[in-house]
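Here are a few notes to go with your first look at this one. Have the structure open as you read, and take the points in order.

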Amino acid sequence: PGAAPALPAAARAAYAEATAQPDSFEVVVRHVQSNIEVRRHDLASLAPGTWVNDEIMNVVAALLLERDVRRRAAAAGGPKCHLFSSFFATRLYKDGGGYEYERVRRWTAPKKLARGGQPSACLLDLDRIIVPVHQGVHWVAAVIDLENRRLQFLDSLGGRDEACLAALARWLKDEFMDKRKEAREDVLAWPREFPAVPRQLNGCDCGVFALLFADHAARAAPMRFAQADMPDFRVKLCADI
């Protein structure tokens, strides 16, 4: 963890080429487990000054989950995590009608988790569940910290979305009842935190910040990056994809 990584000139050249075709629907990457196709116009959302789109957010979340699985297999330590796609929060409480657990109940069925690459049959056995959230024109990340019994909202603009954490606490209560038949009203009283995190100083880098929040939360790593590092992190995200 730390500031932006050192990047070779070849990576920067590949990034410039990959992000230069916003009107192309050519498939560049197929991520089989998450069933995500990344097209050239998706990669173009990593170009300087642009908003990162759902496909980029979600394929990076899938890659972070794969990294977590590899780390567990190697007994490398660190928190055991799950990363949802951005559609989880949308389905859970943002779609018409508000909060509805039934819309996402099957997302955490053992077979569904296995198809997505999650080796744990029950998310309640993990340490952290990380949720990217799209707030219309802004990306944030939320963390259900099962290990420390708290919920966190990570926003590069310093926002406080109480409704988001309330919905996730309610989901956790419903998940305990559905998967373990446990009445866990206590989770509704877990602390809801809005920690100080690196701040964005423009109107376009929220998605990159949110992905970095997810990355660092999944590793329990200190967040030692800043606005000035975002151009290089855009290059690195493109290379990783």
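How much area does the protein expose, and what share of that do carbon and sulfur atoms supply?

1. **Surface.** Keep in mind that you're looking at a predicted model. The protein exposes about 11000 Å², with 54% of that area coming from carbon and sulfur atoms. As for the inside, 49% of the 241 residues are buried.

2. **Overall build.** If you're tracing the chain, expect 8 helices and 7 strands. The radius of gyration is 18 Å, close to the 18 Å that the globule rule gives for 241 residues, so the protein is as compact as a globular protein of that length. Laid along its principal axes, the C-alpha trace spans about 55 × 40 × 35 Å.

3. **Contacts along the chain.** Take the contacts between residues at least 6 apart in sequence: 59% of them join residues at least 24 apart. Several of the pairs below show how this looks at single residues.

4. **Helices α1 and α8.** Have a look at how helix α1 (residues 9–18) meets helix α8 (residues 230–240). Their axes come within 9 Å and cross at roughly 80°. An angle from 65 to 115 degrees counts as roughly perpendicular, and α1 and α8 are therefore roughly perpendicular to each other. On the α1 side the contact is made by Ala11, Arg12, Tyr15 and Ala18, and on the α8 side by Asp232, Arg234, Val235 and Cys238. Sorted by type, the residues of this contact are 5 nonpolar and 3 charged, with no polar ones.

5. **Glu17.** While you're at α1, find Glu17, which sits in that helix. Is it buried, exposed or partly exposed? Glu17 has 41% relative accessibility, so it counts as partly exposed. Its C-alpha atom is 9.8 Å from that of Arg40, a residue 23 places away along the chain.

6. **Arg67.** Next, go to helix α3, where you'll find Arg67. The relative accessible area of Arg67 is 23%, which means that it is partly exposed; the buried class ends at 20%. Which residues does Arg67 touch, once neighbours within four places in sequence are left aside? They are Asp215, Ala218 and Arg219. Arg219 lies 152 residues from Arg67 along the chain, yet their C-alpha atoms are separated by 9.9 Å.

7. **Pro132.** Strand β4 (residues 128–134) holds Pro132. With a relative accessibility of 9%, Pro132 counts as buried, since buried means under 20%. Setting aside neighbours within four places in sequence, Pro132 is in contact with Met57, Phe84, Ser85, Ser86, Ala89, Val140 and Ala141. Measure up to Ala210 as well: Pro132 and Ala210 are 78 residues apart in sequence, but 7.0 Å apart in space, C-alpha to C-alpha.

8. **His134.** Stay in strand β4 and move on to His134. Unlike the buried Pro132, His134 is partly exposed, with a relative accessible area of 27%. Outside its neighbours within four places in sequence, His134 is in contact with Lys94 and Trp139. The C-alpha atoms of His134 and Thr90 are separated by 7.8 Å, with their positions 44 residues apart along the chain.

9. **Ala75.** Now for a backbone detail. Where does Ala75 sit? Ala75 is in the loop between α3 (54–73) and β3 (81–83). Its phi is positive, about 55°, although Ala75 is not a glycine. Ala75 has 68% relative accessibility and so counts as exposed, the cut-off for that class being over 50%.

10. **Ala220.** There's another backbone of this kind at Ala220, where phi is near 55°, a positive value in a residue other than glycine. Ala220 is placed in the loop between α7 (206–219) and α8. Its relative accessible area is 48%, so Ala220 is partly exposed.

Terms used:
Residues are numbered from 1 along each chain as its sequence is written. This is a predicted model: local features need pLDDT of at least 70, side-chain atom pairs count only at pLDDT 80 or more; totals for chains, interfaces and linings use all residues. Side-chain values use heavy atoms; hydrogens and water are left out. Axes are lines fitted to C-alpha atoms, for helices over the stretch in contact, and angles run from 0 to 180 degrees between N-to-C directions. Helices (H or I, at least four residues) and strands (E, at least two) are DSSP runs, numbered from the N terminus. Angles under 35 degrees count as roughly parallel, over 145 as roughly antiparallel, 65 to 115 as roughly perpendicular and the rest as oblique. Contact means heavy atoms within 4.5 Å. Ala, Val, Leu, Ile, Met, Phe, Trp, Tyr, Cys and Pro count as nonpolar, Asp, Glu, Lys and Arg as charged, and the others, Gly among them, as polar. The radius of gyration is taken over C-alpha atoms; the globule rule is 2.2 Å times the number of residues to the power 0.38. Buried means under 20% relative accessible area, exposed over 50%, partly exposed in between (1.4 Å probe, protein chains only). Accessible areas come from the Shrake-Rupley method with a 1.4 Å probe; for residues, only the protein chains shown count as cover.
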